[in-house]
Amino acid sequence: MKATEFLKDILEKEYGIRPLTRNENGDIICYQCGRIARDHCHSEAGLREVEISGVCEECWDKMFSEEGEEGEEWKDLILKTLLHG
Ligand SMILES: [Zn+2]
């Protein structure tokens with residue numbers, strides 16, 4: 001098993017972070033709603049999030065919207081963690 005595959009396996013099993021799902025056109029499929037993720041992103045940041053988390057911006061916002069201002073901070077923190085390890 002390649003190191004990257006091993007890492008993906010750990011991420012998926014331990015943290016529930018799944019590898020990106022793509023359709024036959026190479027579009028990333030949001031694993032929350034199952035739609036083409038970039039069609040449901042409204043900002044550059046949202047598009048970057050899709051590449052990292054596999055969740056479209058609409059779903060991402062839904063996951064954090066109940067938290068209000070605090071949610072935005074969490075969102076930033078999670079993004080930073082994902083981007084920089
Ligand atoms: Zn979605």
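pLDDT is the predictor's confidence in each residue, from 0 to 100.

**View 1. The whole chain, a predicted model with an average pLDDT of 80.** Some 82% of the residues score at least 70. Confidence bottoms out in helix H4 (residues 69-84), with a mean of 71, and peaks in strand E2 (residues 28-29), at 94. Helices (H or I, at least four residues) and strands (E, at least two) are DSSP runs, numbered from the N terminus. There are four helices and two strands, in the order α-β-β-α-α-α along the sequence. Residue numbers start from 1 along each chain as its sequence is written. Since the model is predicted, local features need pLDDT of at least 70 and side-chain atom pairs count only at pLDDT 80 or more, while totals for chains, interfaces and linings use all residues.

**View 2. Helix H2 (residues 44-53), with Glu49, Val50 and Ser53 buried.** These three span an arc of only 105° around the axis (taken from the directions from the helix axis to the C-beta atoms), so they sit on the same side of H2. Buried means 20 or more other C-beta atoms within 10 Å of a residue's own, exposed 12 or fewer, and partly exposed in between, with C-beta atoms placed from the backbone. Glu44 and Glu51 are exposed, on the face turned away from the buried side of H2. Right after H2 comes Gly54, with a positive phi near 75°.

**View 3. Helix H3 (residues 57-65), with Glu57, Cys59 and Trp60 buried.** Down the axis of H3, the buried residues fall within an arc of 165°, so they line one face of the helix. H2 is part of what covers them, going by contacts (C-beta atoms, placed from the backbone, within 7 Å).

Notes:
Two residues are in contact if their C-beta atoms, placed from the backbone, lie within 7 Å.
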